[in-house]
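Visitor: I would like to look closely at one part of this structure rather than at everything at once. Please choose a place to begin and lead me slowly outwards from there.

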Amino acid sequence: MTADIENEGPAKAQGRREFIRQAAFALPVAYGAGKLVRAQEGVPSDQGTAPFSGIITRQNEPLNAEFLFPTLSSFLTPNEQFYIRSHFPVPQLAASDWKLAVEGHVERPLQFDYAELRHMPSKTFPALLECSGNSRVLLQPLQPGIRWEQGGVSNAEWTGVPLSAVLERAGVKPGAVEVILEGHDKGRLGEPRIPGDVHYARSLPIDKARRPEVLLAYKMNGEDLPVAHGYPLRAVVAGWYGMASVKWLRRIIVTDQPFRGYFQTFAYTIWERRHGGLPTLTAVTEVGVKSQIARPMKSEVVAAGAPYRVVGAAWCGESGIKSVDVSSDGGNTWSAAKLIGKPVPFAWQFFEYAWQVPNRPGKATLMARATDEHGEVQPMERDEDRRDAAITHVQRIDVFVR
Ligand SMILES: Nc1nc2c(c(=O)[nH]1)N[C@H]1C(S)=C(S)[C@@H](COP(=O)(O)O)O[C@H]1N2
Ligand SMILES: [Mo]
C-alpha cells in the first residue's frame, strides 16, 4: 500500500488521481451541514480568534479547533474545516523573509528560502492527520488537555518537497540517527517548568525521515498553506499522529543521538511494557487502527422500523484498512460494513452500513470496529497504558429510536 506514492510517473499519478476521485464521492449528509455552517455566519464573536466558520473552537489562545465529524461528507476536508492543534500563539510569518536551516550532523549546512523550495521537484498526495488526543472526551476519569470529541482528525491533499530531497542536498553524515523538526512557535512550558521559551519540536528516526510519505508541504488542497496550518512550510509525516507534522518550520537538525525534547518525553508519550514487562515511557508515533461513525451522531433520534444508512470513516498508520464491522446491538453481533471507493494510502476509508432500525422504541447503541491489512483489530476497551494519547478503542454511539 505504502509504495503507491513512491517514484510515481505521470501515468501512475493519473491512476492515483482516478482512485481519489472514486474514493472522493460525497457521502450524502443526512441533515443540513451546510445550514449548520451558514447559521454561524454573522454571529458576533467577541473573541474573534477563530478564523473559520464550520469548525468548533475548543480553546482560543492558543487556537485549537475541531472538525465537525458528524458532517463528514467529502474525502478531502476543506481547509476551513480542517482541525487545528497549536501549543503556542500562531506565528505570523512572511514567506519573503522566511528561511529554513538544515544543520547538525550533515556535510553541508544549508539555508533554503521559500522560492527555492517551490522550485524543487514536488509531490502531491492526500494524507490524514489525527491528533493523538482525538476522542479524549471519552476517557474516564476525565483527562486534562484539549477536550476533543471525534473531530481531532481530518484529511487533506498536500503538495511539497520530500524531506529526503532536502536531506540529500545537505548530505547526511554516517552515524545520523534522527532528524529534528523545529517550529517557529514558542512559549513557556509549565509542567515540568523549563526556564525560558521553548520552540515546538519533534524528531523522526532517520529511516522514517527518508520515506516518500514525509513531505515539507507548502500547499493544502491546492491552496497555499493557511496560517493556522503552518504557513509558509510544514512537515506532513503521513502514517504518524499529528504531533510529528511540525508546522511553521524553522530548522531541520540531523542528530547522531536520540532527541529527548519536551514533546516526546513529558508530552505525547505512552507506557509500553518492555524489558520483562517494565513500563517504559515511549514517544507516540504511528497512528493506531480506528473507526468512527459520523451518522447517526450521538443522541440522534432515528425513525423506528425504517432503514438508516450508517456512515463513517476508518484509518490506520502505515498499513491500510482491510475491513470495518458494525454492531447495532451494543457489540453482541457484528456485520461487515461496505467500504466506499478504492483505498488511498495514508488517507481515511469511508464505510457505510444499511441498518434496519428496530420497531421497538428506546435506546440503541451503534459501534464500528476496523481491521487493518496486518490483521490489527481496533480494541474494544481503552488501554490505560496509553495515558491520554492514542485513543483508538471502539466508540459507542447511543441514539434514540422513536
Ligand atoms: N510548530 C508546531 N507544529 C505542530 C504543532 C504545534 O503546536 N506547533 N502541533 C502539532 C499537533 S499536536 C498536531 S495534532 C498537528 C495538527 O496540525 P493542524 O493544526 O494542521 O491540524 O500539528 C502538529 N504540529
Ligand atoms: Mo496533536
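Guide: Let us begin at ligand 1, where one of the ligand's oxygen atoms is 2.7 Å from an N or O atom in the side chain of His 229. Please keep in mind that this is a predicted model, and that the distances are computed from its atoms. Arg 234 also takes part, since a polar atom of its side chain lies 2.6 Å from an oxygen atom of ligand 1, and in the side chain of Lys 247 there is an N or O atom 2.5 Å from an oxygen atom of the ligand. If you widen the view, you find 19 residues around ligand 1, and those that come nearest are Tyr 83, His 87, Asp 185, Arg 234 and Lys 247.

Asp 185 gives us a path from the ligand into a sheet, because strands are numbered as runs along the chain and residue 185 falls within strand 7, which covers residues 178-189. Strand 7 runs antiparallel to strand 8, and 8 bridges join the two. Together they form a hairpin, with 4 residues between the one strand and the other. To see how they face each other, find Val 179, which stands opposite Leu 204 in strand 8. As a general point, the strands of a sheet pair through backbone hydrogen bonds, and they may do so in a parallel or an antiparallel way.

The hairpin belongs to an open sheet of 5 strands, whose order is 4-3-12-7-8 and whose pairing is mixed. Strand 4, made of residues 110-113, and strand 8, made of residues 194-205, are the edge strands, each of them pairing on one side only. As you pass from one strand to the next, the twist averages 25 degrees.

From the sheet we can turn to the empty spaces of the model. The largest pocket has a volume of about 730 Å³, and among its 32 lining residues Ser 135, Val 137, Leu 138, Glu 149 and Gln 395 lie nearest its centre. That lining consists of 16 nonpolar, 7 polar and 9 charged residues, and strand 1 (55-59) and strand 2 (64-67) each supply at least two of its residues. The second largest pocket holds about 600 Å³ of space. Its lining has 27 residues, with Arg 85, Gly 145, Tyr 262, Ala 267 and Asp 388 nearest the centre, and it divides into 13 nonpolar, 8 polar and 6 charged residues.

How values were computed:
Residues numbered from 1 in each chain as written. Chains lettered and ligands numbered in written order. Predicted model: local features only at pLDDT ≥ 70, side-chain atom pairs only at ≥ 80, totals over all residues. Heavy atoms only, no water. Pairing = 2+ DSSP bridges. Axes fitted to C-alpha atoms, helices over the stretch in contact; angles between N-to-C directions. 1 Å grid on protein atoms, 1.4 Å probe; cavity = no way out; pocket = protein on both sides within 12 Å on 5 of 7 lines; lining within 4 Å. Points joined across faces, edges and corners; volume = space filled by probe spheres on them. Nonpolar A, V, L, I, M, F, W, Y, C, P; charged D, E, K, R; others polar. Near = heavy atom within 4 Å. Polar contact = N/O pair within 3.5 Å; in protein donor to acceptor, adjacent residues only side chain to side chain.
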